[in-house]
Every structure is written in C-alpha cells, then in structure tokens.
Amino acid sequence: MEVEIATIGGYEEVGRQMTAVRAGDDVVVFDMGLNLSQVLIHDNVETERMHSLDLIDMGAIPDDRVMSDLEGDVQAIVPTHGHLDHIGAISKLAHRYDAPIVATPFTIELVKQQIQSEEKFGVQNDLKKMSAGETMSIGDSGNVELEFVHVTHSIIDAINPVLHTPEGAVVYGLDKRMDHSPVIEDPIDMKRFREIGREGEGVLAYIEDCTNAGRKGRTPSESVARRHLKDVMTSVEDYDGGIVATTFSSHISRVTSLVEFANDIGRQPVLLGRSMEKYSGTAERLGFVDFPDDLGMYGHRKSVDRTFKRIMNEGKEKFLPIVTGHQGEPRAMLTRMGRGETPYQLDDGDKVIFSARVIPEPTNEGQRYQSEKLLKMQGARIFDDIHVSGHLREEGHYEMLQALQPKHVIPAHQSMEGFAPYTKLAASQGYTLGRDLHVTRNGNMIQLTE
Ligand SMILES: [Zn+2]
C-alpha cells in the first residue's frame, strides 16, 4: 500500500499545525491550527469574518491547497487537543472536506464552540467523539485503522493519533510531555507506545513535536509545578492585602491547583475573564473537574466589574481572583488591572502570581514586559515562572524513539533552527538526513512506501 505524508502547516513555525497521511485511497488529516501571532501582529483583525484565502496569505492558517495533490479521499479530520494552534483553523478549512471531525470529548466541545463563533462559513462536518484507547476503521479497504493513545500535555484529554496501515503504523506525536504523575487525568500511556513499536510491521513513521527539542534533560511533571505553586501561595498566606493569580485558561490542572490552594490559604477563588469562564466551565460541565459549588466564573465585562466591586467592598484579603493575561495580552484582565481600568485597585505590596512562562516570541515578550511594568508601577510584587512546559525535552524524545523504533522520523512543530537539535539527536540514534530523517517545509510531500 502506498503511504504518503503531506506536511501542510507547522513545519516552519510553532503554530498552524496541519498534516495529512494518505494510506492507499484513504486520507486522514491531523490538526488544523491557527498561528495566532500572525493574527495579533495586525491591529483589530477579527478572524471570525475573514475568508480562508486571506488568512492563508497572512500565514495565519495552513495553506491546504497542497491537498489537491494527494490522490485519495479525506476520511477524517483529527485534532489532537484543544489548543488553538491545533484546532483554530477548523472553522475556516474543514467545510472543504466531506469528512467527520474525530476527537476526544473535551476537544470536540472546544471545536463545537469554535464553529459556533464562526461568522463566514457554515461548518457542517459531523463531530464524532472518540476517547483515548479507542479505535475506528478508516475507509473501505478494511485494513486501515485509527487509534487514539492517551498523552499528557498542558490541556486535558490530549491524544496522539496512530494510523495503522499494512505497511506499519504512522504515529502523529504532537503535543505532549511525558508525565507519570499528572495532577488530574491518567499518566501518559507509554505501555501502548511500546506495544505499537513492537507489534505487526512496527512503526513506519513518527512525526515529532520539536518545540523543546533543544532543551536538555526531561520536562518536569505537572505535580512539580503544583508543588512550586503551593510553596509560593503558602509563603504569602499571612499577607492581608490583594493577591491575584494568572495562568493559561485552557490549563485545567493548573486552574484546579490555584482554586484548591486559594481555599487552603483562606481565600475565596474566583475565575475572571472570557476564556477562563469558557475552558473551566466546559471542563466542569463535561465532568473532568469538580470545582467547589461556590466557585464564581465570570466572562462578561459587566459581571467581572461587578465582582471586582464586590471584592473591593468585602475586602481584597478574602479573595483570590484568577484572571486572564499571563502573556500580557493587551485586552486581557490582568493587563486592564495594571492599567487601572477595573474597579480592583492594586496597592503597594500586593502580590501577582504568574503561573506561566512567557512564550519566547517578540510580540509576547514585549506585551508581557509592558504588563508587568504597569503592575509594578502600582506597587505589585511579581512571582514569575511557576510553570512546567507541556512539551518533551531531549530525554523524552530519546525515550520515544526507544519505545517506537520508527523506520522514518519527521520533525515538526518548529522552525528550521528549531529542528536542528532534534536532527542531531535522531542522527545520533542512527537516522540519516534525506534517507529516513525528513526535515521538511510547509507544503511538501513525503512518499514513504510505493
Ligand atoms: Zn498544545
């Protein structure tokens, strides 16, 4: 059977991920993501109303025109998890394919919300839920199967999809951390990866997330970030002024820890900001977390301001607002607090906890610098970098190669410079550039078997 891979997006940048795998007559698409920084760089761009081709020209979504060179029918569109660089282009591209969107329950819910907010296209694709550990057959040949393997990442319900073909398995390895003691959910299913590496024809190709390939050692577990956070929050337990925390809204484990420790230090947690309400509300509705009954979540400007007024009236020392704005996004809650645009007043000595790391990208770094400066001008004390990454480092990559023993390796989720450290690691493990180690670009085809 012919197996061919189209590397469509995310092979020259971190963002707008999209890869298609053709096995015989059947094609499966993995991810359809957005490159948010290409959107934010323009002032006041509302992607909801924009046409796909304009977004492609901006470099914001994958240029999927290469799909016409793949001779097969798309049978499924498979987003691996709910981050925007993996699902953010579904509302702009999925309607061009007559195929269901297949994802885990949490991811499907986020895809559904994204489709509902789309104003340009009517996206009618079926939405199919499939959980980690489950399989579905692809096409009519009877010998191509899709499997979801559970992985740990900075968002819940993430998977690595595996396409089983008669020539071996194609494992799509974006995005994960090898976490054996995550805070909520199960550990990564390494046992299954090792089995896949040894059963049948083994692994034909492994597409790997190179985000952190240049960092030595292993990525710490979420439980390490949790301990760090507990240490910081306990240290300010006796402070009788304002404490504010921020983190990734989609990082449900971290939000859960913040809520728990707020209660431990005698403060009432409250989630503020549109995306805080969206992700935590969804996770709770689907039963992934069980927040305290009195946990307030407010997204709309008016209800947020009402909550801030209540906090100012009842006393800042009784509350822990958990807000958006960890990257200094200009319209996020924490940035507005820094600019003094909310009823919440920061005083000398108030604490601001960033349970996040700045995404190393000039726009983010600049915005975050500005936001932090504004907070400090009001006397805030900053607690930074209380975070672990969601992506594998060097030893994680090594372990994945050991587990899967793939015939071909395709680095992804980075720029050309970012591929270099992974390429070095793969070469040290016997792979040869141009033969079985494929450093590629957006819009290329890799023919694996004839
Ligand atoms: Zn991700």
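**Contacts of Thr152, the annotated binding-site residues and the H6–H13 packing**

In the predicted model, Thr152 touches Lys176, Arg177, Met178, Asp179, Pro182, Asp186, Pro187, Ile188 and Gly390, when residues up to four places away in sequence are not counted. Thr152 is placed in the loop between strand S8 (145-150) and strand S9 (159-165), and with a relative accessible area of 2%, under the 20% limit, it is therefore classed as buried. Two of the residues touched by Thr152 are also reached through backbone atoms: the side chain of Thr152 lies at 2.5 Å from the backbone oxygen of Arg177 and at 3.1 Å from the backbone nitrogen of Asp179.

Gly390, one of the residues touched by Thr152, belongs to a group for which UniProt, in an unreviewed entry, lists the feature "binding site", namely His387, Val388, Ser389, Gly390 and His391. Of this group, His387 lies in the loop between strand S17 (381-383) and H13, and His391 is likewise found in the loop between S17 and H13. His387 counts as buried at 12% relative accessibility, and His391 counts as buried at 13%. Leaving aside neighbours within four places in sequence, His387 is in contact with Ala225, Phe248, His251, Arg254, Ser355, Ala356 and Arg357, and a polar contact of 2.9 Å joins the side chain of His387 to that of Arg254. For His391, with neighbours set aside in the corresponding way, the contacts are His153, Asp175, Lys176, Arg177, Asp209, Thr211, Asn212, Thr219 and His413; the side chains of His391 and Asp209 are joined by a polar contact of 2.7 Å. Lys176 and Arg177 thus appear among the contacts of His391 and also among those of Thr152.

A further "binding site" feature is placed by UniProt, again in an unreviewed entry, at Asp85, His86, Asp175 and His413. Although these positions are spread over 329 residues of sequence, they cluster in space, the largest C-alpha distance being 10.5 Å. Asp85 lies in helix H3 (residues 84-87) and is buried, with a relative accessible area of 17%; beyond residues up to four places away in sequence, Asp85 touches Gly15, Arg16, Gln17, Gly33, Leu34 and His413. Asp175, by contrast, is placed in the loop between strand S10 (168-173) and H6, where it counts as buried at 1% relative accessibility. Apart from residues up to four places away in sequence, Asp175 touches His81, His86, Val151, His153, Asn160, Asp209, His391 and His413, and its side chain makes a polar contact of 3.0 Å with the side chain of His86. Through His391, which is among the residues touched by Asp175 and is listed in the group from His387 to His391, the two annotated groups are in contact.

The loop that holds Asp175 ends at H6, and the loop that holds His387 ends at H13; these two helices pack against each other. Helix H6 (residues 190-198) and helix H13 (residues 394-404) meet at an angle of about 45°, with their axes 7 Å apart, and H6 and H13 are therefore oblique to each other. The contact is made by Met190, Phe193, Arg194, Gly197 and Arg198 of H6, together with Met400, Gln402, Ala403 and Leu404 of H13. By class, the contact of H6 with H13 comprises five nonpolar, two polar and two charged residues.

Definitions and conventions:
Residues are numbered from 1 along each chain as its sequence is written. This is a predicted model: local features need pLDDT of at least 70, side-chain atom pairs count only at pLDDT 80 or more; totals for chains, interfaces and linings use all residues. Side-chain values use heavy atoms; hydrogens and water are left out. Helices (H or I, at least four residues) and strands (E, at least two) are DSSP runs, numbered from the N terminus. Buried means under 20% relative accessible area, exposed over 50%, partly exposed in between (1.4 Å probe, protein chains only). A polar contact is a pair of N or O atoms within 3.5 Å; within protein, one must be able to donate a hydrogen and the other to accept it, and residues adjacent in sequence count only if both atoms are side-chain atoms. Contact means heavy atoms within 4.5 Å. Axes are lines fitted to C-alpha atoms, for helices over the stretch in contact, and angles run from 0 to 180 degrees between N-to-C directions. Angles under 35 degrees count as roughly parallel, over 145 as roughly antiparallel, 65 to 115 as roughly perpendicular and the rest as oblique. Ala, Val, Leu, Ile, Met, Phe, Trp, Tyr, Cys and Pro count as nonpolar, Asp, Glu, Lys and Arg as charged, and the others, Gly among them, as polar. UniProt positions are given in the numbering used here, feature names are shortened, and annotations may be inferred rather than shown by experiment.
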